[in-house]
Amino acid sequence: TTGVTSGTINGTGLTLTGLTTFNGAGNILSGTVTSTNGVTLAGSAALALNGALTGNMTVGAGTLSGTGSVSGTTGVTGGTINGTGLTLTGVTTFNGAGNILSGTVNSTNGVTLASSAALAVNGALTGNMTVGNGTLTGTGSVSGTTGVAGGTINGTGLTLTGVTTFNGAGNVLDGTVTSTNGVTLASSAALALNGALTGNLTVGD
């Protein structure tokens, strides 16, 4: 295993076979690093990922920032992703409440909210968003499609660029939301529109 507390890993093809754990603040990962069993941020640890990580990332309740990339999946539970062109190649999953996405983040295989999870998008996400039955809030933007199934979108000037689709019952749209390519209700879906939607609405059947 590899444990880091407010330190730096700067690899040139460095391979860490055991679990890599970052503790505390001020941690940096740069260069090219392979972590076979993944990287974990302990507690509320913070990591600036400015290099290329090959492996999975578990943010937990910590903070992941930086300009680099993660090749595997990224899991967040009550934590923060604050990127500066940060690229997350695998699926990014947010669990529980208190999650924040800010800055500029590219999610190649999209962002998913686990059942009943909540996420505030206050930055610019490039990628698709699957809200499911969770809650999406924020002041930022989603460049891709947004799918909701019994969930809530409650924006404060939130911009959804791709088509936004609501499925099933129990959907709510609140606050102020701009949907550039419109909102669609899938067959037999139901939506309570209690806020201000800027964009077209297709109710279908």
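Two strands are taken to pair if DSSP finds at least two bridges between them, and strands themselves (E, at least two residues) are DSSP runs numbered from the N terminus. The structure is a predicted model, in which local features need pLDDT of at least 70 and side-chain atom pairs count only at pLDDT 80 or more, whereas totals for chains, interfaces and linings use all residues. Residues are numbered from 1 along each chain as its sequence is written, and side-chain values use heavy atoms, with hydrogens and water left out.

Strand β4 is joined to strand β6 (residues 46-49) by 3 bridges, the two running parallel, and within this pairing Asn27 stands opposite Leu47 of β6. A further 3 bridges connect β4 with strand β7 (residues 52-54), again in parallel, where Thr34 has Thr54 as its bridge partner. Strand β2 (residues 8-16) also runs parallel to β4, to which 8 bridges join it, and Ile9 is matched there with Leu29 of β4.

Strand β4 spans residues 27-35 and includes Ser35. With a relative accessibility of 2%, Ser35 counts as buried, a class that means under 20% relative accessible area, as against exposed at over 50% and partly exposed in between (1.4 Å probe, protein chains only). Residues up to four places away in sequence aside, Ser35 touches Leu16, Gly18, Thr20, Leu53, Thr54 and Gly55, contact here meaning heavy atoms within 4.5 Å. In addition, the side chain of Ser35 reaches the backbone oxygen of Gly38 at 2.9 Å.

An open sheet of 12 strands, paired in parallel, follows the order β1-β3-β5-β8-β11-β13-β15-β18-β21-β23-β25-β28. Strands β1 (2-5) and β28 (201-202) stand at its edges with a single partner strand each, so one side of each is left without a neighbour in the sheet. Within the order, strand β15 (residues 111-113) and strand β18 (residues 129-132) run parallel and are joined by 2 bridges, with Val111 standing opposite Met129 of β18.

On the surface, Leu193, Leu201 and Val203 form a nonpolar patch with about 240 Å² of accessible area together. Such patches are made of residues with over 30% relative accessible area and no salt bridge, nonpolar side chains (Val, Leu, Ile, Met, Phe, Trp, Tyr) being joined within 5 Å and like charges within 9 Å; a salt bridge is a side-chain nitrogen of Lys or Arg within 4 Å of a carboxyl oxygen of Asp or Glu. Accessible areas come from the Shrake-Rupley method with a 1.4 Å probe. Leu193, located in strand β26 (residues 191-193), is partly exposed at a relative accessible area of 40%.

Conventions. Helices (H or I, at least four residues) and strands (E, at least two) are DSSP runs, numbered from the N terminus. A polar contact is a pair of N or O atoms within 3.5 Å; within protein, one must be able to donate a hydrogen and the other to accept it, and residues adjacent in sequence count only if both atoms are side-chain atoms.
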